[in-house]
Amino acid sequence: MNPVRILIDGFSVLHACKDELPATAPHTAKARDWLLKQCLSYQDTLHIPMSVFFDGKGASKAKLKDETHPHLEVIYSASSQTADALIERVAHRLLAYGKVLVITNDQAEQNTILSMGGEVMSCEQFMEHVRDQRDRFEQDHARYLRQDS
């Protein structure tokens, strides 16, 4: 059974895959944009709603605004909260509707989600899934184009 939503700890993923980032540090807007592009592409193939959470502490309010795409939601925590706290609260509420998958490398966060009945995946596993889906899509697309010729 597919999850009702995938909840992603954005900075955890960015730090886990910093070698893949386009010549930038994990905490930059450029890195966040790269991750969101990866997530949107992945979501397009899975058709499972996703939420990406970032810590908003220390950033200027002008730079941070929650963004919403039809199936990809971007949420920044208030300066008095952490992204982890938001992820836990959202997971708790969504579990009433079905399976929830949380992507993070934070061990404490993983334990909290598991204790609620949610599921967790490491950031490295998640990015491997993203790459596999992208490769599969590109192969299917190339096969389709060859058949069309």
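Biologist: Is Gln38 buried or exposed, and at what relative accessibility?
Modeller: Bear in mind that this is a predicted model. In it, Gln38 lies in helix H2. The cut-off for buried is under 20% relative accessible area. Gln38 falls on the buried side of that cut-off, so it counts as buried, at 12%.

Biologist: Which residues does Gln38 touch, not counting those up to four places away in sequence?
Modeller: Start from helix H2, where Gln38 lies. Leave out residues up to four places away in sequence, and what Gln38 touches is Met127, Val130 and Arg134.

Biologist: Which residues of H2 are buried?
Modeller: As a rule, an α-helix has 3.6 residues a turn, so residues three or four places apart point the same way. Here the buried set includes polar residues such as Gln38 as well as nonpolar ones such as Leu35. In full, the buried residues of H2 are Ala31, Arg32, Trp34, Leu35, Leu36, Gln38, Cys39, Tyr42 and Gln43.

Biologist: How far does H2 reach from its first C-alpha to its last?
Modeller: H2 has 18 residues. At 1.5 Å a residue, 26 Å is expected. The model comes close to that, with a reach of 25 Å.

Biologist: Which residue follows H2, with a positive phi?
Modeller: Step off the end of H2 and you hit a residue whose phi is near 65°. That residue is His47.

Biologist: Which element gives the most residues to the largest nonpolar core?
Modeller: That core has 27 residues, and those with the most contacts inside it are Ile8, Phe54, Ile103 and Phe126. Two or more residues come from each of strand E1 (5-9), helix H1 (10-16), helix H2 (29-46), E2, E4, strand E5 (100-103) and helix H5 (123-148). The top contributor gives six residues, and that is H2.

Biologist: How many residues are in the other core, the one with Phe53 and Val102?
Modeller: This core lies apart from the one that H2 gives the most to. Among its members are Phe53, Ala83, Leu86 and Val102, and its size is 11 residues.

Biologist: Why is strand E4 (residues 72-76) largely enclosed by the rest of the structure?
Modeller: Look at burial along the strand, residues 72-76. E4 is largely enclosed because the number of buried residues, out of five, is four.

Biologist: In E4, what is the bridge partner of Ser51?
Modeller: Strand E2 (residues 50-54) and E4 run parallel, joined by five bridges. Ser51 has its bridge partner in E4, and that partner is Glu73.

Biologist: What is the centre to centre distance of the aromatic pair Phe11 and Phe54?
Modeller: Searching the whole structure turns up three aromatic pairs. Phe11 and Phe54 form an edge-to-face one, with 70° between the planes and centres 5.0 Å apart. The partners sit in helix H1 and strand E2, 43 residues apart, and both are buried. To come back to the distance, it is 5.0 Å.

Biologist: How many residues apart in sequence are the parts tied together by Tyr42 and Phe126?
Modeller: Tyr42 and Phe126 also form an edge-to-face pair, 5.4 Å centre to centre with 90° between the planes. Tyr42 is in helix H2 and Phe126 in helix H5, so the pair ties together parts 84 residues apart. Tyr42 counts as buried at 7% relative accessibility, and Phe126 is buried too, at 1%. The separation, once more, is 84 residues.

Biologist: Which residue joins Phe11 and Phe54 in one aromatic cluster?
Modeller: Leaving aside neighbours within four places in sequence, the contacts of Phe54 include Phe11, Leu14, Leu36 and Tyr76. One of these completes the cluster with Phe11 and Phe54, namely Tyr76.

Biologist: With which side chain does Gln133 make a polar contact of 3.0 Å?
Modeller: Gln133 lies in helix H5 and counts as buried, at 17% relative accessibility. Beyond four places in sequence, Gln133 is in contact with Tyr42, Thr45 and Leu46. The polar contact joins its side chain to that of Arg136.

Biologist: Which backbone nitrogen does the side chain of Thr82 reach?
Modeller: Thr82 lies in the loop between E4 and helix H3 (83-94), and is partly exposed at 39% relative accessible area. Neighbours within four places aside, Thr82 is in contact with Asp55 and Ser77. At 3.0 Å, its side chain reaches the backbone nitrogen of Ala85.

Conventions. Residues are numbered from 1 along each chain as its sequence is written. This is a predicted model: local features need pLDDT of at least 70, side-chain atom pairs count only at pLDDT 80 or more; totals for chains, interfaces and linings use all residues. Side-chain values use heavy atoms; hydrogens and water are left out. Buried means under 20% relative accessible area, exposed over 50%, partly exposed in between (1.4 Å probe, protein chains only). Two strands pair if DSSP finds at least two bridges between them. A nonpolar core is a set of buried Ala, Val, Leu, Ile, Met, Phe, Trp, Tyr and Cys residues joined through side-chain atoms within 4.5 Å. Contact means heavy atoms within 4.5 Å. The expected span of a helix is 1.5 Å times one less than its number of residues. Rings of Phe, Tyr and Trp (its six-membered ring) pair if their centres lie within 6.5 Å; planes under 30 degrees apart count as stacked, over 60 as edge-to-face and the rest as tilted. A polar contact is a pair of N or O atoms within 3.5 Å; within protein, one must be able to donate a hydrogen and the other to accept it, and residues adjacent in sequence count only if both atoms are side-chain atoms.
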